[in-house]
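Biologist: Please take me closely through the hollow spaces of this model, and tell me which residues line them and of what kind those residues are. I am new to this, so please explain each term as you reach it.

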Amino acid sequence: MSSPPVRSAPIFSGPERRGRDRRQAPIVEVRPTYAHIDAAALIHNLRTVQGHVGPRCRVLAVVKADGYGHGAIEAARTFVDAGAWGLAVSLVEEGVELRQAGVLAPVLVLGGVHPGSEDVIVHRSLTPVVWAREHLQLLAAAVRRSGAPPLPVHLKVDTGMSRLGALPADLPALVDWLAGEDGQHLQVEGLMTHFACADDLDDAVSPGQLEQFRGCVATLASRGLHPPLRHVCNSAGLVRLPHAHFDMVRPGIALYGAGSGREVQLAELRMAMSVHSRILGIRTLPAGAKVSYGHRTTLTRDSRLGIVPVGYADGYPRRMSGQAQVLVRGHRCAVLGNITMDVSMIDVSDLPDAREGERVTLLGAQGRDRIDVYELAAWADVIPYEITCGISKRVPRR
């Protein structure tokens, strides 16, 4: 099945596009803090996933949470143009944003059908994930009101995540409803579940989930339903469980160049986001001076501190205080004292020629060194997802 065309447009093409596509992005960009999004890396990562799963397996590119912080519209266009079958979002609002931007590829809404969203789903040709009779009833009524053709839906079963989805025992009742008159307004295009522990190296849960999922496939088949798209694998699952690729995989973090951990990252991925700023000024302080809120850091030597305009309001986590490092002239410099809302202080004492205006890399490569997302996640004691998703919209994407 080929993807519908999308409106041709340059990708990551400057402040005019950012003003249209990122409604909350700054209109004027003066501060030198920004996130660079490498569209070539996004394409490379998608094709790496495609090469791993093979030509018979479709790729559903997950662009929820503003494309994991990379910009949903730009990422969506990039992935579809590069051959993704479709896109996945969490919210109806996220799907509408893509449609308003002219993205015409299939958009799967993972978060279900909230009452009041059904007419929007039908009008915008979104594909909802469903697991309750109430979902089906709302959608069928909306299709009937609109006079639209049957709406594709994906049935989700809960095989062990204990979050969203119908229990396998409840599946026959849903199938029976779909076989009735109202069910003719819906088309079961997909059957799916979600792994709970695929990123655990000692995972003993996924095999049981797979067994349950296969049982659900058989349940539908026994009632004459054969959804063409069966899918279970997230980024970790497609790496660790190649026998579970089925008809489609749903990579998220992998498309942006990482994994939930290094040990479950697909080889040869390239990080698509880097974050940079510049030194606004340099202060020379004596040994014994105390730095930042709380005075938790005391200088042990006469020091030169660079003032960098980035802080926790930009998504540079305060929890990294005392551990974080940045790159200046390709050298690592410690972040001193508590990271504040808008500003961080870095130690440039070992770079006596460093001056105001020096480029600072907080995430990414500079010279021969690199600070990757796993380091930031370790310093902040979070998972890599939280780093990229947390870069706030006041940080322009370029």
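Modeller: Helices (H or I, at least four residues) and strands (E, at least two) are DSSP runs, numbered from the N terminus. The model is a predicted one, in which local features need pLDDT of at least 70 and side-chain atom pairs count only at pLDDT 80 or more, while totals for chains, interfaces and linings use all residues. Residues are numbered from 1 along each chain as its sequence is written, and side-chain values use heavy atoms, with hydrogens and water left out.

On a 1 Å grid over the protein atoms alone, a pocket is an open set of points with protein on both sides within 12 Å along at least five of seven lines, whereas a cavity is a set where a 1.4 Å probe fits but cannot get out; lining residues have an atom within 4 Å of a point. A volume is the space filled by probe spheres set on the points, which are joined across faces, edges and corners.

Let us begin with the largest pocket, which holds about 630 Å³ of space. Its lining is made by 29 residues, and those that lie nearest its centre are Lys 64, Tyr 68, Arg 163, His 194 and Asn 234. At least two lining residues each come from helix H3 (64–68), helix H10 (235–240) and helix H12 (384–390), and H3 gives the largest share, with 3 residues. Lys 64 and Tyr 68, both named among the residues nearest the centre, stand at the two ends of H3. By class, 18 residues of this lining are nonpolar, 6 are polar and 5 are charged, where Ala, Val, Leu, Ile, Met, Phe, Trp, Tyr, Cys and Pro count as nonpolar, Asp, Glu, Lys and Arg as charged, and the others, Gly among them, as polar.

The second largest pocket has a volume of about 230 Å³. It is lined by 17 residues, and Arg 270, Met 271, Ala 272, Met 273 and Arg 370 are the closest to its centre. Strand S10 (273–278), strand S18 (359–366) and helix H11 (373–380) each give at least two residues to the lining of this pocket, and Met 273 is the residue at which S10 begins. The lining of this second pocket divides into 8 nonpolar, 5 polar and 4 charged residues.

There remains the enclosed space, for the model has 1 cavity of 30 Å³ or more, and the largest cavity contains about 60 Å³. The residues that line this cavity are Thr 33, Val 275, Val 310, Asp 314, Gly 315, Tyr 316, Leu 362, Leu 363, Leu 376, Ile 391 and Val 395. Among them, Val 275 belongs to S10, Leu 362 and Leu 363 belong to S18, and Leu 376 belongs to H11, and each of these three elements also supplies at least two residues to the lining of the second largest pocket. Of the residues that line the cavity, 8 are nonpolar, 2 are polar and 1 is charged; the charged one is Asp 314, and the polar ones are Thr 33 and Gly 315.
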